[in-house]
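This report concerns the arrangement of two protein chains and the contact between them. The sequence and structure are shown below.

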There are 2 protein chains.
Amino acid sequence: MSEKLRRHIEEIIKLTDEEFEYVLSHFVYRKFLKNQYVIQNGDYVKYDYFVLSGLLKSWHINHKGKSHIVLFAAENWWISDPQAYHNQTKAILNVDCLEDSETLYISLENREKLCSEMRKMEYFFRKKTTSGYVAAQKRILSLISDHAKQRYEYLMQQYPDLLQRVPKSLIASYLGITRETLSRLTSQHA
Amino acid sequence: MSEKLRRHIEEIIKLTDEEFEYVLSHFVYRKFLKNQYVIQNGDYVKYDYFVLSGLLKSWHINHKGKSHIVLFAAENWWISDPQAYHNQTKAILNVDCLEDSETLYISLENREKLCSEMRKMEYFFRKKTTSGYVAAQKRILSLISDHAKQRYEYLMQQYPDLLQRVPKSLIASYLGITRETLSRLTSQHA
């Protein structure tokens with residue numbers, strides 16, 4: 001199972017067996033059940049989670065009590081409350097499981113330790129964070145200038161099997177549209 | 001003037017005089033005039049710009065011809081088309097100047113060269129990109145769950161003097177609201 005993490009890292013930088021074993025020793029394996037919370041709004045956020053299997057979501061409840069989905073994370077994605085994790089503050093997001101999920105999680109302390117001890121891991125995390133930054137910029141652009149149809153198509157590119165795995169109400173929440181608008185889009189798309 | 005770049009880097013990591021001189025030799029100084037384009041939609045994006053003085057904006061025209069502001073960048077901010085710069089592809093954004101502006105720009109090649117030659121600079125860019133990623137996540141959350149009023153207040157926190165420097169129509173474009181809604185917000189705020 002940990003081979004998945006190795007393949008993920010080696011998309012960016014090759015590691016020897018010894019190096020990977022050392023990296024892996026800084027992660028902890030944890031399985032979560034469907035509907036279980038991984039992070040709860042208001043808690044301190046200690047870990048960033050690499051998803052080995054399953055499906056998780058992060059979401060936010062605004063001051064009017066309305067909830068909005070921030071991210072879906074399937075295999076090979078990372079999920080956390082990034083702001084709270086990197087600043088070591090309390091979560092403003094919730095993270096929970098849409099399916100039984102297996103994760104390898106890492107504390108910020110261990111991440112920084114690996115970066116300072118292993119040049120390769122500093123390179124990996126710099127490159128990975130840059131990709132995350134670019135993807136976030138793309139999402140911002142899509143939120144301010146695209147219409148629901150384009151946002152839907154971009155989501156389907158990113159997660160082709162999401163419609164089979166997630167209730168439509170959650171996809172509508174991610175896109176910021178009503179279920180009726182989503183039904184119109186999916187019937188056009190089929 | 002280059003002292004501004006040094007202070008900016010040294011918020012994260014201290015450099016010796018020799019190290020800073022070496023870093024600086026990888027940047028190029030350029031002054032732009034008000035209204036001048038720095039990046040034009042469709043061009044290859046070679047540089048990331050650190051702002052020494054002035055004010056720039058990045059913006060996007062969607063498929064319906066409507067323009068939206070992505071970012072304002074004043075002193076000590078970086079601006080580019082991140083997706084095109086990091087992937088070395090053509091710009092989907094425009095960047096131009098709202099005021100006469102002075103910049104220090106760096107190519108992706110020189111940035112990677114600095115990162116591979118100087119551990120301190122790899123650390124700096126990793127930390128800087130992490131902050132950018134966290135800020136982008138905050139903006140995404142604000143776009144999907146906040147109301148115009150909260151988005152306006154967050155913008156004013158980030159750039160307290162923006163109202164004095166920028167036409168209201170551009171602030172409305174950044175917030176994704178009409179000028180009338182903005183006038184209502186600013187009069188409440190005053």
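The sections that follow treat the symmetry of the predicted model, then the interface and its composition.

## Symmetry of the two copies

A turn of 180° with a shift of 0.0 Å along the axis lays chain B on chain A, with an RMSD of 0.0 Å. The two copies are thus related as by a two-fold rotation axis.

The copies meet through the same surface, because 100% of the interface residues of chain B are also interface residues in chain A.

## Extent of the interface

Contact between the chains involves 40 residues of chain B and 40 residues of chain A. About 3,700 Å² is buried between chain B and chain A, and carbon and sulfur atoms give 63% of this area. Within chain B, the residues that lose the most area to chain A are B:Arg119, B:Arg126 and B:Ile144, which together account for 19% of what that side buries.

## Polar and charged interactions

Eight salt bridges are counted between chain B and chain A. B:Arg126 takes part in a salt bridge with A:Glu112, formed by their side chains at 3.0 Å, N to O. Across the interface, 20 residue pairs are in polar contact, both residues being at pLDDT 80 or more.

## Contributing elements

On the side of chain B that touches chain A, two or more residues each come from strand 5 (67-73), helix 3 (82-87), helix 4 (108-117) and helix 5 (119-145) of chain B. Helix 5 of chain B gives the most to this side, with 20 residues.

By residue class, the side of chain B that touches chain A comprises 16 nonpolar, 15 polar and nine charged residues.

Methods: Residues numbered from 1 in each chain as written. Chains lettered and ligands numbered in written order. Predicted model: local features only at pLDDT ≥ 70, side-chain atom pairs only at ≥ 80, totals over all residues. Heavy atoms only, no water. Least-squares fit on C-alpha atoms with pLDDT ≥ 70 in both. Contact = heavy atoms within 4.5 Å. Buried area = accessible area lost by both parts, 1.4 Å probe. Salt bridge = Lys/Arg side-chain N within 4 Å of Asp/Glu carboxyl O. Polar contact = N/O pair within 3.5 Å; in protein donor to acceptor, adjacent residues only side chain to side chain. Helix = DSSP H or I, 4+ residues; strand = E, 2+ residues; numbered from the N terminus. Nonpolar A, V, L, I, M, F, W, Y, C, P; charged D, E, K, R; others polar.
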